[in-house]
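Visitor: I would like to know what stands behind the terms used for this model. Could you take me through them?

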Amino acid sequence: MKGLLLCAALASSPAAAEASLRSRVTVGLESLGAISLTSARTQGGIGGGAHAAFAFDAHWLAYARAAWLFGLGSHTLLRVGGGWQREGVWRPLLHGGVVLGLGGALDFSVGDRPPSRAPTLGVVLGAALLRFQVEGVTVSALELEAGLSTELIALGPRATLTLLSLGVCLGL
Amino acid sequence: MSRLVLLLLLSASACAPGLIDGPVADTARAIAKEVDEARLYADVVSLAGLHASDTRVDCAALNSTADTWCNLSNATARRFVEERFRSLGLSPEFDTADTHPATSNVLVELRGTSKPDEVILLGAHFDAFFMGADDNSSGVAVMLEVARLLATRPLARTVRFVGFDFEEIGLIGSTRHVKARSRPKVSLVLDCVGYSDSAKGSQGSLPGFPTPSAGDFLAAIANDVSRPRVEEVLQVVKGQQTPAVLAIIAPGLGAGPLSGNLMRSDHAPFWLAGESAVFFTDTANFRNPNYHTRSDVPDTLSQAFLAGVARATAMSVVAWGDAP
Ligand SMILES: [Zn+2]
């Protein structure tokens, strides 16, 4: 039943098979910066956020992240996605997801089209290579995420750098 | 669910419902067609000539003996604006105050026919370094041209024309105006509106500003409060004889650290007071190599561009002034 070993370091625990729902859930905080650049919108800033992840098994997880960023006004960044993580103390995570940016941005008209009032939408792939887990506590540094962004007028690149992320398994 | 989200997103991205309906837009466009390109340029030449021969501000009193600061003038340009208002049958007011140096905005109001308490403000600063052809004789000339077009044809709302004093020293005139006067429904500020260059690479920019590479567009700058007004500008100038208009919306009030370059003129005090204000500009030093130098002279300007800006300005003011 190793496949059920989840966010808490239960890999060697005899209780693994009875891993509760709580032991599948990690919550945490993170500091980050993000930027989205299209010809119709520049949205970005630095700030902090919170995240929650649910582990399906020892490798696969789904996450939801919310962040509040300041720089070009202030905006809220919501991200949901899923990924694969290595088992062990060194726990690099590869993931992909969708992004919703709500709030402050520099908006531009493009041709005859007025500046967009839509939220920023994006798809991203990410890698957290400096990610470690010990006793149900996850620490990750310099996690990079890159992808595409749109405000329904133009398409452009987006990137997020999570400087530091700390997570704790609820099943601890 | 996903269809609902898509619907919401599409409706959010669509142009906001326009206040500028057919007849209002038609009137605005008809009035804008009366812009007189030769008269506009002649006014720029006159104003620049006045700056060239005007008494300079005491730069030592400004704690600067730099060439630029010792070539700042305002008095005869203000007199030119005053006389032009009088020649249109209007009675200009002044709001002199000893602000070290003393400032005196010059303003007139064309009373609205049906909503006289609602004010549309059109303003441009008349102080200038050196001859100040682009900065800001161009803006003053456009303001005077729109005043000429509307002097005999009042709109539903009151239109206030303001020559702002000492923008260059720190937006003194406009700041005083915002503090002292009743709040306009919307203000349109003109600063540097006569320089155009269609060559690729002629437009400078900043990181995060995806501006075209050719410097031949008019920037219409707003913040979140004035976003609907810029949408109306885009609506009313569409298909008309104006430069391409690039609308730029700063987040919030516009005062964030990364959007500070969008606040470098007399619209800024309106923004900071939470009021609706739009800024028309050729982007000044991001395009014009003569900015704040001796070479900011009339023959570096594009008469056609200036006339196009005057049309866009007239259309915007009439649209706002007559909108239901
Ligand atoms: Zn200026």
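Salt bridges, interface and backbone

Guide: In this predicted model, the salt-bridge rule gives a count of 21 over all chains.

Visitor: What makes Arg65(A) and Glu145(A) a salt bridge?

Guide: Their side chains meet with N to O at 3.8 Å. The cut-off is 4 Å between a side-chain nitrogen of Lys or Arg and a carboxyl oxygen of Asp or Glu, so the pair qualifies. Arg65(A) belongs to strand β3 (residues 60–71) of chain A and Glu145(A) to strand β9 of chain A, so the salt bridge ties together parts 80 residues apart in sequence.

Visitor: How do you know that Arg117(A) and Glu231(B) form a salt bridge?

Guide: The closest N and O atoms of Arg117(A) and Glu231(B) are 2.8 Å apart. The limit is 4 Å, therefore this pair also counts. Across the interface of chain B and chain A the rule finds 2 salt bridges. Between these chains there are also 6 residue pairs in polar contact, counted with both residues at pLDDT 80 or more.

Visitor: Which elements give two or more residues to the side of chain B that touches chain A?

Guide: They are α1 (2–13), α7 and β11 (245–250) of chain B. The most comes from β11(B), with 6 residues. By class, this side of chain B has 19 nonpolar, 3 polar and 3 charged residues.

Visitor: How many residues of chain B are in contact with chain A, and what area do the two chains bury between them?

Guide: 25 residues of chain B are in contact with 22 residues of chain A. The two chains bury about 2000 Å² between them, and 66% of that is on carbon and sulfur atoms.

Visitor: What describes the crossing of α7(B) and α9(B)?

Guide: Two packed helices are described by the angle between their axes and the distance between the axes. Here helix α7 (residues 227–237) of chain B and helix α9 (residues 303–322) of chain B have axes that come within 9 Å and cross at roughly 115°. The crossing is right-handed.

Visitor: Which residues of α7(B) and α9(B) meet?

Guide: From α7(B) come Arg229(B), Glu232(B), Val233(B), Val236(B) and Val237(B), and from α9(B) come Ala312(B), Met315(B), Ser316(B), Ala319(B) and Trp320(B). The classes in this contact are 7 nonpolar, 1 polar and 2 charged.

Visitor: Why is the bond from His100(B) to Pro101(B) called cis?

Guide: Its omega is near 0°. Pro101(B) is in the loop between β2 (93–94) and β3 (106–110) of chain B. Another cis peptide bond joins Asp135(B) and Asn136(B), with omega about 5°. Asn136(B) lies in helix α5 (residues 133–151) of chain B.

Visitor: What makes Leu152(A) worth a remark?

Guide: Leu152(A) is not a glycine, yet its phi is positive, about 75°. Most residues other than glycine have a negative phi. Leu152(A) is placed in the loop between β9 (137–150) and β10 (155–169) of chain A.

Conventions. Residues numbered from 1 in each chain as written. Chains lettered and ligands numbered in written order. Predicted model: local features only at pLDDT ≥ 70, side-chain atom pairs only at ≥ 80, totals over all residues. Heavy atoms only, no water. Axes fitted to C-alpha atoms, helices over the stretch in contact; angles between N-to-C directions. Helix = DSSP H or I, 4+ residues; strand = E, 2+ residues; numbered from the N terminus. Left-handed = near helix turned anticlockwise from the far one by under 90°. Contact = heavy atoms within 4.5 Å. Nonpolar A, V, L, I, M, F, W, Y, C, P; charged D, E, K, R; others polar. Buried area = accessible area lost by both parts, 1.4 Å probe. Polar contact = N/O pair within 3.5 Å; in protein donor to acceptor, adjacent residues only side chain to side chain.
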